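New to this structure? Here is a short, informal tour to read alongside the sequence and the 3D view.

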Protein chains: 2
Amino acid sequence: MSDPLKVAIAGLGTVGAGTVQVLTNHADQIAARCGSQIIVTAVSARSRDKDRGFDVSPYAWFDDPVDMATEADADVIVELIGGSTGTALDLTKAAFSSGRHVVTANKALVAEAGTELAEAAEASSATLAYEAAVAGGIPIIKALREGLAGNQVIRVLGILNGTCNYILSTMESTGRDFDDVLKEAQDLGYAEADPSFDIDGVDAAHKLAILASLAFGTKVGFQDVHIEGIRGVAAIDFEYARDLGFRIKLLGLAGQTDQGISQRVYPCLIDEHGPLAIVDGSFNAVIAEGDFVGRSVYEGRGAGAGPTASAVVADIIDIAAGRLNYTFGVPAADLKELVSTPIENRVGAFYVRLKVVDQTGVFADIGSVFRDHSISMESILQRDHDSDGNVHVVIVTHDVKESALNAALTSLAAHEAMVEKPHVIRIEDVGGE
Amino acid sequence: MSDPLKVAIAGLGTVGAGTVQVLTNHADQIAARCGSQIIVTAVSARSRDKDRGFDVSPYAWFDDPVDMATEADADVIVELIGGSTGTALDLTKAAFSSGRHVVTANKALVAEAGTELAEAAEASSATLAYEAAVAGGIPIIKALREGLAGNQVIRVLGILNGTCNYILSTMESTGRDFDDVLKEAQDLGYAEADPSFDIDGVDAAHKLAILASLAFGTKVGFQDVHIEGIRGVAAIDFEYARDLGFRIKLLGLAGQTDQGISQRVYPCLIDEHGPLAIVDGSFNAVIAEGDFVGRSVYEGRGAGAGPTASAVVADIIDIAAGRLNYTFGVPAADLKELVSTPIENRVGAFYVRLKVVDQTGVFADIGSVFRDHSISMESILQRDHDSDGNVHVVIVTHDVKESALNAALTSLAAHEAMVEKPHVIRIEDVGGE
């Protein structure tokens, strides 16, 4: 056996405690797998005395995690503090500057400072490993960076936020409203007191930016992700979606086209028979399409102490076994500039829900507007009057450029019969029948 | 950049040609990913002159692939010949004896000689890499060996044979008989002229034995796999399965219990809402359940030149980048003896279809037999008379030990009203609602 690999952990919340638990419970198996023991030597957290279900006294204690990153007797620093700036960034840079590897679960850090950190890691022959940052229960970083390394990835997409997926799944199965389900999710601990990071799509966008960089060999471009959250999805949309053979999911989608890379997060309608349609609750799923491998699908828990700690430990084992890699699969100097394509260039189908006054000729007028903008309709539904005497009209378009649809919607919005702003959800073909 | 990694390829069928194509088309990207160029230096196949869509003249030609394994100017030998004995085995051993790594797509070889080859590889500090041997379009070897390395795997199971999955999917969607669909699959090239290796479950069993060894750290035990193929699944079973909320798939299932390791391949009924139910046609899928990660699901193409070549190249890239591993995740000397649990110990639910003469009291007699063997029934269906005036009775049991069910079926078979032997399909809970 080689010398033990020494690990210092910054942040002892549920994931930090879970990491200690995995390394302790499976110490023998892990040592066999990597040819050396992995031992925790130091820890840092806000309070030393908090009950975490294990005894911290065997480990050197640091009040300051940035100090720990350079002073601890450790080969690997595990960063579980969070945030893209401040302590997490400082300790990661400090660790690299003293030649130590960093394992992190911090998607914001990798998405917002990843390119810079990749350069810093390489300059010190250190590794930045972050399997836990995207869908802890799915080894998707490894799959993209190594398993599909022979492919040119054409697109990568998925359900990347468990909170949104839980809320949308629950709205669909119960027929309840967004606010009501969000409140319940908060009470159950599935959503934060300030839920905006999740439900406005920022968390999914962090993960998508990381996946896109790995897939396409580009600098991480979180700032270029087009982001829409799920606040606008109404209970009634699930009813219409079901009637039309769709489900509603928040997806992150990144693709490579002649015009550049698209990176988008928004709620969308997907075929009820496709591989993502059955992914419910707190599960995440990712689809990667490569030129040789074709479509590959990955599903697992997106968060939680166990899955995230499992990913952290997998990274530590790889380091112990000497299985290293470039941060984004190629040397930082080889990462291409990300040329982004704007959302207005998207060509795809749309679901459009209109609330109109029930008067003669409205239907014909709607049809004319779509025709005038060369938008062809695949189907159109009209439902019963609501209590105000208005009617819902739901249109599914064929593929059309987003800018053309926007122009049509602007015309429609000016129509006197329109009771409220048109409500639009994109339709994505992500496999299915 | 480091020195180029030199590769010699034995076997130039579609996968061999695909491997050359991936390495050629994506040479620059691959070089960036692994820090060195990967170049093909030598090839061997039956006929030098066959048109393969690329020119073999730049490569050293060997008539004998075993000679190539020791004499070629190569660091890695890619074995794409097939078979668990003979040339494939000889060249693999020869390659190790001269300190070369071996990348193979040969499931029979790894399943039947894996333990011995793991020892031979380690003795020469060489690597046996075989991502392409199990579900080429799914990086499942890497997921089990590295991605989930911090977990104790509880069970691993999946749809492991695309030919069977195509036949069962087609039988279900068309209502046609097995023989008819098999014939079509053969005409389309989805099934071999001699299809027994696929449809009798041997191919799936090879893959399952490999996954079980990786999951549980045991010596590969192909000879201990309980194998049943799909010849006995009738068109009528799909109708009843649908009525009961199930689909029918050939699964390989390996689990760890107090009594040892179970390794089984058989057709079974699975929940129509579960993650494997929508995996149709030539796709494969694997579920791995770990103690920390929970359930993770992987889906992709099981075979074909592109997906298999993608997996072969991923292994070559890992070797070029110095990311090596033990054959089954731990040193060969640490692999545990496989203690196998017999199929009679299985506890689970069953689907039982009986064809009986429509006479007074038969229903009561069937009920009595099940009651006398302490088997409780979850549901019972009776269908219209067939053209002979007989009736089908379909029973779904609650969980029961297989040996108890067998005893009940023996009693039933002796009943005078029984027109044919009871027809049994196991029901497996592999996730779902």
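## A look around the model

Let's start in chain B, with helix H11, which covers residues 235-244. Four of its residues, Asp237(B), Phe238(B), Tyr240(B) and Ala241(B), are buried. Keep in mind that this is a predicted model. Right after H11(B) comes Gly245(B), with a positive phi of about 90°.

Chain B also holds an open sheet of six strands. Reading across, the order is S3-S2-S1-S4-S5-S6, and the pairing is parallel. In general, the strands of a sheet pair through backbone hydrogen bonds, in either a parallel or an antiparallel way. The edges of the chain B sheet are taken by strand S3 (60-62) and strand S6 (128-129), and each has a single partner strand, so one side of each has no neighbour in the sheet.

Zoom in on one pair: strand S1 (residues 5-10) of chain B runs parallel to strand S2 (residues 38-44) of chain B, and six bridges join them. Ile9(B), for instance, has Val43(B) in S2(B) as its bridge partner.

Now over to chain A, which is split into domains as follows.

| Domain of chain A | Residues |
|---|---|
| Domain 1 | residues 5-133 |
| Domain 2 | residues 140-302 |
| Domain 3 | residues 344-427 |

Taken over C-alpha atoms, the centres of domain 1 of chain A and domain 2 of chain A are 28 Å apart. Where these two touch, domain 1 of chain A gives 10 residues to the contact and domain 2 of chain A gives 11 residues. On the domain 1 side of chain A, the contact has five nonpolar, two polar and three charged residues.

Terms used: Residues are numbered from 1 along each chain as its sequence is written. Chains are lettered from A and ligands numbered from 1 in the order in which they are written. This is a predicted model: local features need pLDDT of at least 70, side-chain atom pairs count only at pLDDT 80 or more; totals for chains, interfaces and linings use all residues. Domain bounds come from an automatic or database domain assignment. Two residues are in contact if their C-beta atoms, placed from the backbone, lie within 7 Å. Ala, Val, Leu, Ile, Met, Phe, Trp, Tyr, Cys and Pro count as nonpolar, Asp, Glu, Lys and Arg as charged, and the others, Gly among them, as polar. Two strands pair if DSSP finds at least two bridges between them. Helices (H or I, at least four residues) and strands (E, at least two) are DSSP runs, numbered from the N terminus. A residue is buried if 20 or more other C-beta atoms lie within 10 Å of its own, exposed if 12 or fewer, and partly exposed in between; C-beta atoms are placed from the backbone.
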